[in-house]
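User: Hi! Could you walk me through this model, one question at a time?

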Amino acid sequence: MNLFDVYPLLDITPVKGEGCYMWDKNGTKYLDLYGGHAVISVGHSHPHYIKRLTTQLNQIGFYSNSVQVPQQQELAEKLGQVSGYPDYQLFLVNSGAEANENALKLASFVTGRKKMVAFKKGFHGRTSAAVAVTDNPKIVAPVNETPNAIIIPFNDLALLEEQLKTNEIGGVIIEGIQGVGGIHVPDPEFLNGAEKLCKQYGTLLILDEIQSGYGRSGKFFAHQYSAVKPDLITVAKGMGNGFPVGALLIAPEIKPWHGMLGTTFGGNYLACAASLAVLEIMEDEKLVENAAKIGDYLISKLKNIPGIKEVRGLGLMIGLEFDQQINDIRHVLLKKHHIFTGVSGANTIRLLSPLTLSQEQADVFLEALAATVQ
Ligand SMILES: Cc1ncc(COP(=O)(O)O)c(C=O)c1O
């Protein structure tokens, strides 16, 4: 059997990781400024993470949600405390798309409405409802096309109100920072205004923090740069540091009924162990603070490198837009300087390093980039 060939693969085979570094099968060491798509939050192969997961596996690895899994409650309490949402409810799933799928479903159940509003350049995943509210027609299959998904320009409160006024909109879904679409930070006034309008028209506000959450922006959630308190918050990626886990944080006013949502694997023992380990490491090593500090440092230095059209982002979620295509720059960074970077579209390099990035490691990148673009 061959692999279903959907990815443009790099000719690199990582076999080992430690902190912000990876080694390929030839022993070459790479600085990872991509974190496997914002997933590696606390660094590769962190000893506490390994210990938590292996200890759990030695006890019990899996049972379904037909039994009590006390680790789920432990995770809910820890996440509530660390995130600043202690009174919210937690529903655990396995991925980002699944978290959004359930958020959209819940918004629809709660309001009894079918329509959802999303934004240009937004990305919310590849499952049915999540892809329908994603602004990329190339990945929307005919089965996912629906008049219920309305996509409007980002940061535009007047157009949002026009939609909400119809009293037909169940949910508005906004990324904490748009990631796949090129690192676009929402205006805090837009988020505050959106929250006000949603309340006025009986619509739920969903913040997709799948890429921007878990400390990446320099706050636990990127929307915490504004005063907004969303009805629903979705997380995944950095939550498990590579173990597949996602979640939905649900405001206390929203009441569940049995069978409303469900999953076989969501909230399994290993996912909880991985997620708890991540939160413990984030607290112990003050990684949210580190993301803010190193992010500020990187952004200020990047702004002085000639040749970059625009530097956007917050914390360790940074986009570097160029006038030219970035393939060659990324290629030189990878092959000559052994630095992994990500991409958003043809012209933007995306940096999503582990939150453990040090100033010395940031300097290595800054020097390599300056030499590459000069
Ligand atoms: C903002 C956002 N939402 C949702 C998703 C989908 O997550 P997953 O790939 O885990 O389904 C992604 C993935 O890139 C994302 O960046």
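Analyst: Happily! Two strands pair if DSSP finds at least two bridges between them. Helices (H or I, at least four residues) and strands (E, at least two) are DSSP runs, numbered from the N terminus. This is a predicted model, in which local features need pLDDT of at least 70, side-chain atom pairs count only at pLDDT 80 or more, and totals for chains, interfaces and linings use all residues. Residues are numbered from 1 along each chain as its sequence is written.

User: In what order do the 7 strands of the open sheet lie?

Analyst: The pairing in this open sheet is mixed. From one strand to the next, the twist averages 20 degrees (angles run from 0 to 180 degrees between N-to-C directions, with axes as lines fitted to C-alpha atoms, for helices over the stretch in contact). The order of the 7 strands is S4-S10-S9-S8-S7-S5-S6.

User: Why is one side of S4 and of S6 left without a neighbour in the sheet?

Analyst: Strand S4 (89-93) and strand S6 (149-152) stand at the edges, so each has one side without a neighbour there. For S4, 5 bridges join it to strand S10 (residues 246-250), and the two run antiparallel. The reason is that S4 and S6 each have a single partner strand.

User: In S10, which residue is the bridge partner of Gln89?

Analyst: Gln89 has its bridge partner in S10, a strand that spans residues 246-250. That partner is Ile250.

User: Are H10 and H11 parallel, perpendicular or oblique to each other?

Analyst: Helix H10 (residues 327-335) and helix H11 (residues 359-373) pack at about 130 degrees, with axes 10 Å apart. Angles under 35 degrees count as roughly parallel, over 145 as roughly antiparallel, 65 to 115 as roughly perpendicular and the rest as oblique. H10 and H11 are therefore oblique.

User: Which residues of H11 do Ile329, Val332 and Leu333 meet?

Analyst: Contact here means C-beta atoms, placed from the backbone, within 7 Å. Ile329, Val332 and Leu333 belong to H10. Their counterparts in H11 are Ala368, Leu369, Thr372 and Val373.

User: Which helix gives the most to the shell around the ligand?

Analyst: Of the 14 residues around the ligand, Gly96, Ala97, Gly125, Ile210 and Gln211 come nearest (a residue is near if its C-beta atom, placed from the backbone, lies within 6 Å). With 3 residues, the top contributor is the helix spanning residues 96-111, H4.

User: In the hairpin of S2 and S3, which turn residue has a positive phi?

Analyst: Strand S2 (residues 21-24) and strand S3 (residues 29-32) pair in the antiparallel sense over 3 bridges. The hairpin has 4 residues between its strands. The one with a positive phi, about 90 degrees, is Gly27.

How values were computed
Two residues are in contact if their C-beta atoms, placed from the backbone, lie within 7 Å.
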